[in-house]
4 protein chains.
Amino acid sequence: MNKHTIGIIMNGVTGRMGTNQHLVRSILAIRKQGGVKVSDNETIWPEPLLIGRNENKLRALAEAHGGLKWSTDLAAALANSEYTVYFDAQTTNRRVEAVKQAIAAGKHIYCEKPTAENSSDAMELHRLAEAAGIKHGVVQDKLWLPGLMKLKRMIDSGFFGEILSVRGEFGYWVFTGHHEPAQRPSWNYRKADGGGIIIDMLCHWRYVVDNLFGEIKQLTCLGANHMKQRVDEQGKAYDADSDDAAYATFVTERGIICQFNSSWCTRVNRDELFEMHVDGTLGSAVCGLRNAKVQAAPATPRAVWNPDIPSPIAYRDGWLEAPDYMEFDNAFKAQWELFLRHVALDEPFRWSLKEAAKGVQLAELGLQSWQERRWLDVPELK
Amino acid sequence: MNKHTIGIIMNGVTGRMGTNQHLVRSILAIRKQGGVKVSDNETIWPEPLLIGRNENKLRALAEAHGGLKWSTDLAAALANSEYTVYFDAQTTNRRVEAVKQAIAAGKHIYCEKPTAENSSDAMELHRLAEAAGIKHGVVQDKLWLPGLMKLKRMIDSGFFGEILSVRGEFGYWVFTGHHEPAQRPSWNYRKADGGGIIIDMLCHWRYVVDNLFGEIKQLTCLGANHMKQRVDEQGKAYDADSDDAAYATFVTERGIICQFNSSWCTRVNRDELFEMHVDGTLGSAVCGLRNAKVQAAPATPRAVWNPDIPSPIAYRDGWLEAPDYMEFDNAFKAQWELFLRHVALDEPFRWSLKEAAKGVQLAELGLQSWQERRWLDVPELK
Amino acid sequence: MNKHTIGIIMNGVTGRMGTNQHLVRSILAIRKQGGVKVSDNETIWPEPLLIGRNENKLRALAEAHGGLKWSTDLAAALANSEYTVYFDAQTTNRRVEAVKQAIAAGKHIYCEKPTAENSSDAMELHRLAEAAGIKHGVVQDKLWLPGLMKLKRMIDSGFFGEILSVRGEFGYWVFTGHHEPAQRPSWNYRKADGGGIIIDMLCHWRYVVDNLFGEIKQLTCLGANHMKQRVDEQGKAYDADSDDAAYATFVTERGIICQFNSSWCTRVNRDELFEMHVDGTLGSAVCGLRNAKVQAAPATPRAVWNPDIPSPIAYRDGWLEAPDYMEFDNAFKAQWELFLRHVALDEPFRWSLKEAAKGVQLAELGLQSWQERRWLDVPELK
Amino acid sequence: MNKHTIGIIMNGVTGRMGTNQHLVRSILAIRKQGGVKVSDNETIWPEPLLIGRNENKLRALAEAHGGLKWSTDLAAALANSEYTVYFDAQTTNRRVEAVKQAIAAGKHIYCEKPTAENSSDAMELHRLAEAAGIKHGVVQDKLWLPGLMKLKRMIDSGFFGEILSVRGEFGYWVFTGHHEPAQRPSWNYRKADGGGIIIDMLCHWRYVVDNLFGEIKQLTCLGANHMKQRVDEQGKAYDADSDDAAYATFVTERGIICQFNSSWCTRVNRDELFEMHVDGTLGSAVCGLRNAKVQAAPATPRAVWNPDIPSPIAYRDGWLEAPDYMEFDNAFKAQWELFLRHVALDEPFRWSLKEAAKGVQLAELGLQSWQERRWLDVPELK
């Protein structure tokens, strides 16, 4: 049995996302299933070392999962040659510095998005990683959600014919906190604390669109600050001055128009919190996070405009659920497995630090477009 | 019994829209119900004179409805003082000339939209009408559709609290004609023949938005020519070079963001061919042409982002149908009755030739915004 | 870590309500969750001392919950400066005396309702507490039930517009015991033992109405003694001479008419044992103990009176469930936490011994109104 | 074949109620079925003579139903001995005078309610009728509605055991007219025009309660004027100063407490626009206009108060629909047949002009109780 053991320094996994998605549902789940099985006699085995600043939290986390190794000394960990991968899920403002250290120590890099607070820093990480010759990747988990995988499969199989346009709707009503607790942290709604839906969501739309519909070449974005006052975790009203809705349109290298709305101020009249409606010459699809439904050209009804009478056609009934074509793994775990194979087996892995920088770039351009009230080209990052 | 008889020269009613909506379902329906009842002893009685160029068609139409008066001599009709109203439902390129003659003859004017092929001509009609001191109006029928009336009532009654944003979706899949007959005339898809969805639909969005959400002050518009080849009524393929989808966003004087998509290249995943989703602080609504549904703030679910699991909430079930609050008349007839009351009783009528010009203006600005790739201000028409 | 430890003398917690709601689901539950968390480094920690008259019961209760401290010597407990709060859940007739001792000993007071058998005694407790400068409160748990919290949120958020009227229905069929065991103790149905639904329920309606719809200013109340004979716990028939239904109407300072029926002699045709139907200009709601449903004005059907035909409208379908907008804690525990914060942090706490006296007052006035067959004003308690 | 032909002077049947219910669905329907069949060889045959003031309307109505006899000359009709019954469905303010003339002419009297604008006039009609020795009756149609007949049957059959209490809920949301046409005429909401829900509904509650639960002996009534402004048929806002809700409680000679709410300002959370909930020792029922459901004692669930948990019992499921036990005729026609039998065959008919006066009396006492804020006894009319 050929066992590739890969030591992973996991920094910042005491947070909610780091613990649940990366540690428990990805790395520990991979260990539980016996590693990443490459062939009948070859597996990849991840060996985590938890790093953090709060000793109490780290110890508790490590013990809760059967006594994992942990340390508060990042430098020492980076100096330890047993660990060849550095993973970072810290808050964004701590990421650049730590990743640089890890690159300098010759570690392969895998980290959460956004990789930096601006695209120039994000690109610097990419340049350093390339110069150091190490392997690197960024978390772009949504691509492995069942709904998006179904959509990718439809695209690849030619279901749509030529894709004409895409309409993405993301959002829901985030309570203001005046009469009920809000479902999101208050810093999201304060500019000074790095809040805003453009910076939060356009990073996602970049890799979603790039991977499904081709590189984004142009964009326009209108931000809005709909709710001007909210109430924070301590019950105090505060000025909510960041953008809480963004109406963006992208044009990709293939000429596909992708309109993506993001809003924390909309009541949901959809089946899922995020849905993309894709229209193509041969068929259309509406894909959510997990489900997708399709209408092929021969099933398209002959709609005729006649507002005089109630609609004679029940349009929603003309769509058919796309069944699961496989068992879908956790999206984070799926990408982790690909990254581990990339490290161990040198398989290709296109979700690099450069892709991460592109996401940050798109958010920056979105804010600029909003301010300048015009379309912008998306230049290639150098 | 006080009976206001109003003679109406109806020009261009042999076309589908003119015959069905204006003659049969409006003027003749008003006669059938005994005129427009103003009070127990006062009515308005419309007396139509059909005008057209094709004698055969005219005679057939007149006879089919019990022997209406008709003539091919517009000049003579305009000279006849028994007729005080001129109505025009000809093709757009014939309208300006005929309306000018009617104004010169001192007739009150009521006509179909667009009133001219450009806003400068449209405004000239308005200026001439004002100078002549006659009454005038333009057809803006959508305002009297049940769905839009329900929406207007919700707005007026304060249901929404502060309105934040509106998302309008119009469109359906118009067959290209390659494998089936198309549902729309081919000239719609040829630039040279005045085709294009921007010129067709932005006139509508202007009055819909102005009347419901406040005057449009800024816009951006992205046109698209998704389907480049179509097949015409004779079965011949032709270059479809006009815009067949338009992605427009308006900002109104009240700061409401109104995103209106129009497309002949989308498969319908809605209940009706046109729907507006309106989000307000106290409630939201989705209004179509005839139906509307609402979700008040207390019924808004606590949505939490968790793509790991199937959505635990059936979001669509959280909406309630807004029942009919009255019996709705035909939209065209409803506006006709208001215009006749305007003529006979001097009641106010805000849908004037100036409003018509505003619609044309918005379409022009839409095309300009598309070309210049930027937001435009909407100047006041002078 | 700043830890406010608060010693609480809990008198009368061997009864069903005292054990279940106050000890287990409130104080012990707070301890289980690590205390009342005020901030990341500040908590409030309750330290109970169980007091009672039956040593066996006390010991058993204390042991059943991990060895709590207990004593039958109230005087000694009151003399112990480690305990700063006195809680009383004894039967009503023992409460006044014990609370007076506790006030004299300088303890803060928290107790079950009714605080006394008449409003004059209840007010005396309030006066003594104020004179002693201690903090005090009364249990008004219903206010923290999910259904009432949902209603409060609707009111605060402006959902109703102007509230016009409220119809509260409380009650269920309490078996007489002739052919089956009754679900309530027999003393409830004997005047001499302090029974009667008016004295039991009007205390509740006082704080429910005061807190939601404004102070009650006028009332009328009709009591009834529907079932004149019942069978007690020993299987013996007895004269059930107390009121077992009360039909009361209140008018609040805001002019809202609140009709509250309470009955132990009604078969339930509701979703919950207590429901309030609230009608406002912009919307209505039906709120129970846990659930609530709403109908906003735009969803209000156009009902037309026509008994000739079956109802063409399914009225019940025109209501939408108000979803949980947060996770609701046990109602008793929620109020306990607020009282502990009041004691430790001096946060406001409006449910004082004066509020308790108001409840007793309303019950007294209810009985008087019934006897005098007229409306009464509700004077301010001095 | 013994055929009792009864000539009926029908005054005021050009109104909506008179035409539809009394002429078409009652008298003409009786003629269509071959008269009121008394036995195999005996029928009663009504022969109507339509009386009114508007010749055009009368002629049109008469012709529309196959050429009925009509006249505008009431005096002549009353002088015609072929007609032995006088029926009055005019507006209330014309009724007393006309009925007096008819009594003086020796006609039997049948008329709509209220028979007069005050109980003293109403009683005078009764005295005159008695003095003249003629037969007389008043329309109390609700008693023959399917739902009320089912309830009467339950009462008579002993289903309830001893009836304890009744809760009647009548009402629905009458649009104010601000944003939609109202469903009721504006005079209903103006005091000066005889509007108000107390005067409208308490007449009904009198005969409903008297017939089902025993004579009303005491009452209290609280009126309310919830909506202070409405918009009339001409679109003009007006002061709506009459009572639009009434919260009344009656106690009957049998000691049954009957709480009857009437409101034009409530959103319906019932199956029908009027429902009575009747609780008795052996069972309960909820009866509407057409349907009724029951819960017998053995089916009564053991409800236990526990707001800590969601209701473990689906209370509404514990009721069973009472099926139609016969085919129900139109309620107006059913009473007409009884009156015709009373005239022709001298069968008893308890719904006399005295009963009519009682209804007016109850409305008067309701208004008085509201003003004096107290319970009133209901004296016997002399």
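Analyst: Contact means that heavy atoms lie within 4.5 Å of each other. By that criterion, 10 residues of domain 1 of chain A are in contact with 11 residues of domain 2 of chain A. The model is predicted.

User: What makes up domain 1 and domain 2 of chain A?

Analyst: Each domain consists of two segments: 2-140 and 331-350 form domain 1, while 142-328 and 361-376 form domain 2. Taken over C-alpha atoms, the centres of these two domains of chain A are 30 Å apart.

User: How do you know what area domain 1 and domain 2 of chain A bury between them?

Analyst: The value is the accessible area that the two parts lose on being put together, summed over both. For domain 1 and domain 2 of chain A it comes to about 980 Å², with 56% on carbon and sulfur atoms. Of the area that domain 1 buries against domain 2, A:Lys113, A:Gln140 and A:Ala331 supply 53%, more than any other three residues.

User: How many salt bridges and how many pairs in polar contact does the interface of domain 1 and domain 2 of chain A have?

Analyst: The rule finds 0 salt bridges across this interface. It does find 6 residue pairs in polar contact, both residues being at pLDDT 80 or more. On the side of domain 1 that touches domain 2, helix α8 (residues 331-345) of chain A gives the most, with 4 residues. That side has 4 nonpolar, 4 polar and 2 charged residues.

User: What describes the interface between chain B and chain A?

Analyst: Here 69 residues of chain B are in contact with 69 residues of chain A. The buried area is about 6,300 Å², and carbon and sulfur atoms give 53% of it. B:Arg267, B:Trp305 and B:Arg373 supply 15% of what chain B buries against chain A, more than any other three residues.

User: Why is the pair A:Asp308 and B:Arg25 called a salt bridge?

Analyst: The cut-off is 4 Å between a side-chain nitrogen of Lys or Arg and a carboxyl oxygen of Asp or Glu. The closest N and O atoms of A:Asp308 and B:Arg25 are 2.1 Å apart, so the pair qualifies. The count between chain B and chain A is 8 salt bridges, together with 52 residue pairs in polar contact (both at pLDDT 80 or more). By class, the side of chain B that touches chain A has 32 nonpolar, 21 polar and 16 charged residues.

User: Why does A:Asn269 count as buried?

Analyst: Its relative accessibility is 12%, and the limit for buried is under 20%; A:Asn269 therefore falls in that class. A:Asn269 is placed in the loop between β13 (257-263) and β14 (274-280) of chain A. Leaving aside residues up to four places away in sequence, A:Asn269 touches A:Arg316, B:His277, B:Val286, B:Lys293, B:Arg316 and B:Trp319.

User: What makes the pair A:Asn269 and B:Lys293 a polar contact?

Analyst: The limit for a pair of N or O atoms is 3.5 Å. The side chains of A:Asn269 and B:Lys293 meet at 2.9 Å, so the distance satisfies the limit.

User: How do you know that D:Glu180 and B:Arg153 form a salt bridge?

Analyst: Their side chains meet at 2.7 Å, N to O, and the pair counts because the limit is 4 Å. The count between chain B and chain D is 1 salt bridge and 1 residue pair in polar contact, both at pLDDT 80 or more. The contact takes 5 residues from chain B and 4 from chain D, burying about 420 Å², 64% of it on carbon and sulfur atoms.

Key
Residues numbered from 1 in each chain as written. Chains lettered and ligands numbered in written order. Predicted model: local features only at pLDDT ≥ 70, side-chain atom pairs only at ≥ 80, totals over all residues. Heavy atoms only, no water. Domains from an automatic or database assignment. Buried area = accessible area lost by both parts, 1.4 Å probe. Polar contact = N/O pair within 3.5 Å; in protein donor to acceptor, adjacent residues only side chain to side chain. Helix = DSSP H or I, 4+ residues; strand = E, 2+ residues; numbered from the N terminus. Nonpolar A, V, L, I, M, F, W, Y, C, P; charged D, E, K, R; others polar. Buried < 20%, exposed > 50% of the residue type's maximum accessible area, 1.4 Å probe, protein only.
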